[in-house]
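Here are my notes on the model you sent, set out as numbered points. Please read them with the structure open.

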Amino acid sequence: MLYNQFQGEKLSALGFGAMRLPLLPDGCTAFETSEGFYDTLWNMAESLGCGLVIDIRKVPVAQQTVEIFEYFDMDPYSEPSEGTYIAVTDRPDVLTDILNKQNAVFRMAGHLTKGPARIINNSGRIRYLDRSRSCKAIC
């Protein structure tokens, strides 16, 4: 989840695996990461008209996934995925209860911001999110 400094919303990085997305409470929006995690973050921020700060180390990714992607010199956050979502909510306590009841894997990963900057923090190393591949194709 990401805490939204200007609307009190949080953004959750959700790793449901093959699970179905549970019914979400009012005030919660989910974005499927089928385009890849980074592209979904970019497109989500575009659609919400905001920026974000995310701690990439808090995004749940299975260790074996990381190792396989490293072996092939690939970034697991850039590749398309299925069954994972990013959720934005102004009711994190309600969403947390729902996800805990579903035994879903999720973590608070950062917050939304008023400005346009899309910042990725990786153990103190800051970088800015690149424009999504889908946006590059049509922009």
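1. The turn between E7 and E8. This is a predicted model. Strands E7 and E8 make a hairpin with 2 residues between them, and Ser123 in that turn has a positive phi of about 55°. Most residues other than glycine have a negative phi. Ser123 is not a glycine, yet its phi is positive. Ser123 is also exposed, at a relative accessible area of 52%; the cut-off for exposed is over 50%.

2. The strands of that hairpin. E7 covers residues 118-122, and E8 covers residues 125-128. The two strands pair antiparallel, over 4 bridges. Within this pairing, Asn122 faces Arg125 of E8.

3. What else does E7 pair with? Strand E3 (residues 51-55) is joined to E7 by 4 bridges, and here the two strands run parallel. Two positions fix the register: Leu52 is opposite Arg118, and Ile54 has Ile120 as its bridge partner.

4. The other partner of E3. E3 is also joined by 4 bridges to strand E6 (residues 110-113), in the antiparallel sense. Gly51 of E3 stands opposite Thr113 in E6. E3 therefore has a parallel pairing with E7 and an antiparallel pairing with E6, given that strands count as paired when at least two bridges are found between them.

5. The salt bridge. How many salt bridges does the structure hold? The count is 1. The side chains of Arg118 and Glu46 form it, with 3.0 Å from N to O. Arg118 belongs to strand E7 and Glu46 to helix H1, so the pair ties together parts that are 72 residues apart in sequence. The two ends are not covered alike: Arg118 counts as buried because its relative accessibility is 8%, under the 20% cut-off, whereas Glu46, at 44%, counts as partly exposed.

6. Helix H1. H1 takes in residues 37-48, which is 12 residues. At 1.5 Å a residue the helix should span 16 Å, and its end C-alpha atoms are 16 Å apart, so the length agrees with expectation. The buried residues of H1 are Phe37, Tyr38, Asp39, Thr40, Leu41, Trp42, Met44 and Ala45. Just after the helix, Gly49 has a positive phi of about 65°.

7. The nonpolar surface patch. Which residues form the nonpolar patch on the surface? They are Ile68, Tyr71, Phe72 and Met74, and together they have about 490 Å² of accessible area. Ile68 sits in helix H2 (residues 63-71). Its relative accessible area is 49%, so Ile68 is classed as partly exposed; the class of exposed residues begins over 50%.

8. Asp73. This residue lies in the loop between H2 and E4. Asp73 is another non-glycine residue with a positive phi, of about 55°. Is Asp73 buried or exposed? Its relative accessibility is 72%, so it counts as exposed.

9. Arg91. The loop between strand E4 (84-89) and helix H3 (92-101) holds Arg91. Its C-alpha atom is separated by 6.6 Å from that of Gly27, a residue 64 places away along the chain. Leaving aside residues up to four places away in sequence, Arg91 touches Pro25 and Asp26. Arg91 is partly exposed, with a relative accessible area of 37%.

10. The chain as a whole. The protein chain contains 4 helices and 8 strands, in the order β-β-α-β-α-β-α-β-β-β-β-α along the sequence. It has 139 residues, of which 40% count as buried. Among contacts between residues at least 6 apart in sequence, 79% join residues at least 24 apart. The pairing of E3 with E7 and the salt bridge from Arg118 to Glu46 can be looked at with that figure in mind. The accessible surface comes to about 7900 Å², and carbon and sulfur atoms account for 50% of that surface.

Key:
Residues are numbered from 1 along each chain as its sequence is written. This is a predicted model: local features need pLDDT of at least 70, side-chain atom pairs count only at pLDDT 80 or more; totals for chains, interfaces and linings use all residues. Side-chain values use heavy atoms; hydrogens and water are left out. The expected span of a helix is 1.5 Å times one less than its number of residues. Buried means under 20% relative accessible area, exposed over 50%, partly exposed in between (1.4 Å probe, protein chains only). Patches are made of residues with over 30% relative accessible area and no salt bridge: like charges are joined within 9 Å, nonpolar side chains (Val, Leu, Ile, Met, Phe, Trp, Tyr) within 5 Å. Accessible areas come from the Shrake-Rupley method with a 1.4 Å probe; for residues, only the protein chains shown count as cover. A salt bridge is a side-chain nitrogen of Lys or Arg within 4 Å of a carboxyl oxygen of Asp or Glu. Contact means heavy atoms within 4.5 Å.
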